[in-house]
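Me: I have a new model open and would like a quick tour. Can you walk me through it?

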Amino acid sequence: MAEMKSMFREVLPKQGQLYVEDIPTMVLCKPILLPLRFMTVPKLEKIQQTAQDTIRQQEMTEKEQQKITH
Amino acid sequence: MEPLFLAWSYFRRRRFQLCADLCTQILEKSPCDQEPDPALPVSQAAWILKARALTEMVYVDEIDTDQDGIAEMMLDENAIAQVPRPGTSLKLPGTNQTGGPSPTVRPITQAGRPITGCLRSGTQSGRPGTLEQAIRMPRTAYTARPIASSSGRFVRLGTASMLTSPDGPFINLSRLNLTKYAQKPKLAKALFEYIFHHENDVKTALDLAALSTEHSQYKDWWWKVQLGKCYYRLRLYREAEKQFKSALKQQEMVDTFLYLAKVYISLDQPVTAINLFKQGLNKFPGEVTLLYGIARIYEKMNNMSSATEYYKETLKQDNTHVGAIAFIGIDHFYAEQPEVALRFFRRVLQMGVYNCPLFNNLGLCCFYAQQYDMTLTSFERALSLAEDEEEVAAVWYNLGHIAVGVGDMNLAHQCFRLALVSDNNFAEAYNNLAVLEMRRGHVEQAKALLQTASSLIPNLYEPHYNFATISDQIGDLQRSYTAAQKSAAAFPAHMDTKRLIEQLKQHFAVL
C-alpha cells in the first residue's frame, strides 16, 4: 500500500478555474422500428398474383399450340 | 352423401373450390345454366351456394381496403376547408403534436408523422402539394411504391372469374335481368355480394342494390349499407354517408359505424368520425373495433396521448390485438423503455406474427435492453424474412446502429453502405454515413451525403444540423447559418441548434 501511495500522488487543487467546453458533435439519426404488416394487403396481392400467373400460363400453352400447328 | 349437403359442408369448412365444383355438377343437371330454375329449390340452393363460395374465395372486408392512389390524392376535392383549423384535419402533418417524444428520440416519416405501430391499407399520409412530391411520397412509412390509381388495386374485372372458373364466368352479368332478381331478396343478396366482390362490377351491383331497396320499401337496412358501399367505391362520399346514416337509424350495427367512419375519414373530418365512434360505443360498449378506430384516428392526427389511451383501452378488451400491442411497444421503445417494449413485441410473436418488421423490432429491443445473445439472431431472421428492398435496407440500417453501439466503426460503415445499396433514397442512412465519414476526416464526402439526405427528407432535422456543424467547423458561416435555420424549422426545441444560431448571430454582429 505504501508503494501504491508513492506511485500515485493525488493532486487536489484548492483554487483554480473549471473549464467547460461544448464541442458541437454530429447527431446520428435514430434507429428505426418498422411498422408491422397487417393481413389484408397481402391477400389481395396474392389473388392478383395467382390470377396473373394462371393467365400467363394459359397464354404460354396457347402460343406453344400455335407454334406446333404452324 | 347427398351432394348439396356435402357442398354445404365444404362451404362451412372453407373448402370453397370443392364446394363450387360440386355445385357446378348439381347445376349441370338443371335445364338452364344461367339462372336457377324456380321450380327446383335444390338448383336455387346450389346456385346461391356456388355464388357465395366464389365470393368467399376473393372476399376482403371493405372496411380494410381502400388504398389511395396518386390520382385520388392530387385530385381530391372532398376537403371541406381549404385551410382547416389545427387538430381537425388528417392531412396537415405535425401541426398538433400533443404528447409523445420529440424528434430527438422518435424518428418521423417523410410526411412529418412519427412512426406508427401497424401498417394497414389505407394509411393516407397527408396531402402532397405537387405531383413530384406525390410520386416521391411513400405509400406507407417505408415502402415507396406509389400506385397511379386505386382502381388498379382491386381485383380487375373478370380476373377473379378467370381464376375460379376457367371455362367461362359462372354468371354472365350482361344477360342478367336485375329487376327479376330484385324481387327475390334471398337470391338478390347472394348475387349482390358475388357481383360486388368477385366480379368487381360496382355499377351493376349498384343497380341491383337500388332496385332491391325499392322493392323492400326502404325498410331493409342491409341494402342501404350495400348501397353505401357501392357509392363509397365510386367515391360518391356524400351519398354513401346518407345511406349509412339511414341504415343506422333503422338498425345500429358495428359494421355500419365502421363504414360511416371510413366515409368521414375520406372526407377529412376526423373529429366527426371520432364522435361517431363514441356514439357507437354508447350502443356497443367495449367494442374492440370501435376503440381501435378511435385510437387510429388520434394517431393520424398526431395526438399521441389520446391515441395511447385508446390503444390501452383496446388491449383491456382484447389483449391479443396485434395493432394495439405494436403501437404500445413502439411507444415504450421511444420512451427509453426497451425492456418493456421487448415484452410487447414478444407478445406479438406469440400471437403468430412472423415477419421481417417484427424480428427487426425484436432485435433492436434486445440490443437496447442488453440482451445481446438474441440481438444478432433476430436480425439474421429479419433479413431472411425480408420481402422487399426497403425492409432489407431498414434492417441493415439498424445493424449499423448496433455496430456503432458496439464501437465497430468499420462494420457500421459497411452496414450503412449496404442499406443504401438496397434503398437509394434512405435519408437516415445517408446522414449516419456522413457522420462516420466525418469521423474519418472526409469532409467533402460528408457534406455531399448530408446534402442528399436533406434533399430527400426536408423535415428531418439531423442532416441540416450536421451540415451546419461541419460548415461552422470549416469556417463557412453563411452556409452554416442557413442550415441551422432549416434545422430549427424542422425541430424548434433542439438546444444545440439554438446555441449554434446564437453563436453565429454573435459572430455576424461583430463583423
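The chat below goes through the chains, the ring pairs and a few single residues.

Me: What kind of model is this, and what do I need to know first?
Reply: It is a predicted model, where local features need pLDDT of at least 70, side-chain atom pairs count only at pLDDT 80 or more, and totals for chains, interfaces and linings use all residues. Residues are numbered from 1 along each chain as its sequence is written, chains are lettered from A and ligands numbered from 1 in the order in which they are written, and side-chain values use heavy atoms, with hydrogens and water left out.

Me: OK, chain A. How many helices and strands does it have?
Reply: Chain A has two helices and one strand. Along the sequence the pattern is α-β-α. Helices (H or I, at least four residues) and strands (E, at least two) are DSSP runs, numbered from the N terminus.

Me: How much of chain A counts as buried?
Reply: Of its 70 residues, 23% do. Buried means under 20% relative accessible area, exposed over 50%, and partly exposed in between (1.4 Å probe, protein chains only).

Me: And the surface of chain A? What does it come to?
Reply: About 6300 Å², with 59% belonging to carbon and sulfur atoms. The areas come from the Shrake-Rupley method with a 1.4 Å probe; for residues, only the protein chains shown count as cover.

Me: Now chain B. What is it built from?
Reply: Chain B has 26 helices and one strand. Of its 511 residues, 54% are buried. Chain B exposes about 23500 Å², and carbon and sulfur atoms supply 53% of that.

Me: How many of its contacts join residues at least 24 apart?
Reply: 58%, counted among contacts in chain B between residues at least 6 apart in sequence. Contact means heavy atoms within 4.5 Å.

Me: Switching to rings. How many aromatic pairs are there?
Reply: A search of the whole structure finds 22 over all chains. One of them is B:F192 with B:W222: the ring centres are 6.1 Å apart and the planes at 75 degrees, so this pair is edge-to-face. Rings of Phe, Tyr and Trp (its six-membered ring) pair if their centres lie within 6.5 Å; planes under 30 degrees apart count as stacked, over 60 as edge-to-face and the rest as tilted.

Me: Which parts does the B:F192 and B:W222 pair tie together?
Reply: B:F192 is in helix α8 (residues 185-199) of chain B and B:W222 in helix α10 (residues 221-233), so the pair ties together parts 30 residues apart in sequence. B:F192 is buried at 0% relative accessibility. B:W222 is buried too, at 18%.

Me: Got another pair?
Reply: B:F257 and B:F284 are edge-to-face, 6.3 Å centre to centre with 85 degrees between the planes. B:F257 sits in helix α12 (residues 254-266) of chain B, and B:F284 in the loop between α13 (270-283) and α14 (288-300), 27 residues apart.

Me: Is B:F284 buried or partly exposed?
Reply: B:F284 is partly exposed, with a relative accessible area of 23%. B:F257 is buried, at 0%.

Me: Which residues do ring pairs link into a cluster?
Reply: B:F333, B:Y334, B:F367, B:Y368 and B:Y372.

Me: Where does the charged end of B:R233 sit?
Reply: Over the ring of B:F196, 4.6 Å from its centre. B:K180 lies over the face of B:Y181, at 5.9 Å from the ring centre. A charge sits over a ring if NZ of Lys or CZ of Arg is within 6 Å of the ring centre and within 35 degrees of the ring normal.

Me: New topic, B:E241. Where does it lie?
Reply: In helix α11 (residues 237-250) of chain B. B:E241 is buried, with a relative accessible area of 9%.

Me: What is B:E241 in contact with?
Reply: Leaving aside neighbours within four places in sequence, B:E241 is in contact with B:L260, B:V263, B:Y264 and B:L267.

Me: Last one. Which loop holds B:Y218?
Reply: The one between α9 (202-215) and α10 of chain B. B:Y218 is not a glycine, yet has a positive phi of about 60 degrees. B:Y218 is exposed, with a relative accessible area of 51%.
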